[in-house]
Amino acid sequence: MKIAVVGTGYVGLVTGTCFAEVGIDVTCIDVNVKKIEDLKQGILPIYEPGLEEMVLRNVDKGRLGFSTDLASAIKGCDAAFIAVGTPPGEDGSADLKYVLGVAREIGQHMDDYLVVVTKSTVPVGTAKKVKQAVAEELEKRGSELSFDVASNPEFLKEGAAIDDFLKPDRIVVGVESEQAEEVMRKLYKPFLMNGHPIIFMDVPSAEMTKYAANSMLATKISFMNDIANLCEIMGADVNMVRRGIGSDSRIGNKFIYPGIGYGGSCFPKDVKALIKTAEENGYSMQILKSVESVNENQKEVLFNKVMKQFEGNLTGKTFALWGLSFKPKTDDMREAPSLVIIEKLLAEGANVVAYDPVAIKEAQHMIGENDRVAYAKDEYEALIDADALLVVTEWPEFRSPNFQVMGKLLKNKVIIDGRNIYEAKELQEMGFAYYGIGVQEVL
Ligand code: NAD
């Protein structure tokens, strides 16, 4: 089988590479010429564990190629996956200009029956617009080619994207014809071994499934953050509460960790977009509105603890930040809570020395040149003469550091832990002041 994946970002590159891995002939397409030129030379635009090796192997086998030329790449394909960005527009709704632009290009150049698949996260009703865009272009050409539109939302997690794609919890596909279902089933067959299910449904339900999934996950996070904040006030320990509730099989112990708010390219924009979709259709998503506002407040919690420790005076102080990416094992800095924290520290006249195992380049790009932001070569260098350590991202290598060495490098033995990766009691015994999220501080 032969497919084109249009949009070679976090989702498109992983999708294309994993389809190539199971033997499908894949061309990944992008408008970003540098990205494609780099990929042709084996240079990846993103960090994702295991991806580089898999890309190189499949390119080598001739199953995976990269191109800026959709017109040629689309010829003879069984399906074209649209995996371009759907960023939030000014009003929070998903901006569909890239998706519909690609749909039009596909209509202009397809040469046989094709399944046009939306893999990007798109609001209910988008497939209809995609269909119309492709049909209009075919009509302009006077072409009578037939095609189907399918919705195949992606559930991969950055940092574990390859495993998620190769061994998915489920594959959701919205289709409107048997022919499209057959093509999609054939493409995904290699991933269904060992009981991974493919769930076919109508197109609007598939489109909605993605938003419902991300909104539910964001809700879990905001719910736990709300509980954590109350724990602090009431003298409870959210780590205990989490274990206590997570052992109830109806609740489960996954995704109930409090922290400094969700970020990344998906949860914030998808929650916003679903609120907007509802509003446009005369409905108010009350829970999601609260989820969003709890999250906005939560991004400031770490900063507020810094202010408390230093009695509101941060001028000239230096803070070591461990972690910049919005979560471990990715270099994705989109909507990362670290950006909010850095901005607030700088506004108070503080300096920042940050370390992240892979996201420094991306962070530099987003933060820009700033005399008061420096980047360390490792986590210990970041601590030298810092007034406190702020743990922002729970990278595995930060979990068991050498506290003795840390105590010597830091000017003050203060740890403000936005991810609850340390034990308050243990740190207290070593003479640190410790703040966690939803736990009692030790000073
Ligand atoms: P991304 O920004 O990393 O990649 C998008 C790519 O599309 C870019 O390389 C861009 O140059 C390219 N592009 C834009 N217009 C184009 C055009 N006309 N033709 C060809 N290429 C074009 O985005 P992403 O994180 O991969 O997300 C893509 C979609 O998948 C979004 O809708 C997102 O919500 C969804 N999604 C993302 C994730 C994730 O973890 N990142 C997970 C599930 C779903």
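Student: What makes the pairing of Thr 86 with an oxygen atom of the ligand a polar contact?

Tutor: In this predicted model, an N or O atom in the side chain of Thr 86 is 2.5 Å from an oxygen atom of the ligand, and because a polar contact requires a pair of N or O atoms within 3.5 Å, the pair qualifies.

Student: Which atoms of Asp 30 and Val 31 take part in pairs with the ligand?

Tutor: Asp 30 offers a polar side-chain atom, which lies 2.6 Å from an oxygen atom of the ligand, whereas Val 31 contributes a polar backbone atom, 3.4 Å from a nitrogen atom of the ligand; both distances are within 3.5 Å, so both pairs count as polar contacts.

Student: How do you know what share of the ligand's accessible area the protein covers?

Tutor: On its own the ligand has 830 Å² of accessible area, and the protein covers 87% of it. The shell around the ligand receives two or more residues from each of helix H1 (10-21) and helix H5 (97-109), and 26 residues surround the ligand, with Lys 35, Glu 158 and Lys 269 among the closest.

Student: Why is the set that includes Leu 345 and Ile 415 called a nonpolar core?

Tutor: The name applies because such a core consists of buried nonpolar residues joined through side-chain atoms within 4.5 Å; this one, the largest, has 61 residues, and Leu 345, Leu 390, Ile 415 and Tyr 422 have the most contacts inside it. At least three of its residues come from each of domain 2 (211-297) and domain 3 (299-435). A second, separate core has 42 residues, including Leu 64 and Ile 162.

How values were computed. Residues are numbered from 1 along each chain as its sequence is written. This is a predicted model: local features need pLDDT of at least 70, side-chain atom pairs count only at pLDDT 80 or more; totals for chains, interfaces and linings use all residues. Side-chain values use heavy atoms; hydrogens and water are left out. Buried means under 20% relative accessible area, exposed over 50%, partly exposed in between (1.4 Å probe, protein chains only). Domain bounds come from an automatic or database domain assignment. A residue is near a molecule or strand if one of its heavy atoms lies within 4 Å of it. A polar contact is a pair of N or O atoms within 3.5 Å; within protein, one must be able to donate a hydrogen and the other to accept it, and residues adjacent in sequence count only if both atoms are side-chain atoms. Accessible areas come from the Shrake-Rupley method with a 1.4 Å probe; for residues, only the protein chains shown count as cover. Helices (H or I, at least four residues) and strands (E, at least two) are DSSP runs, numbered from the N terminus.
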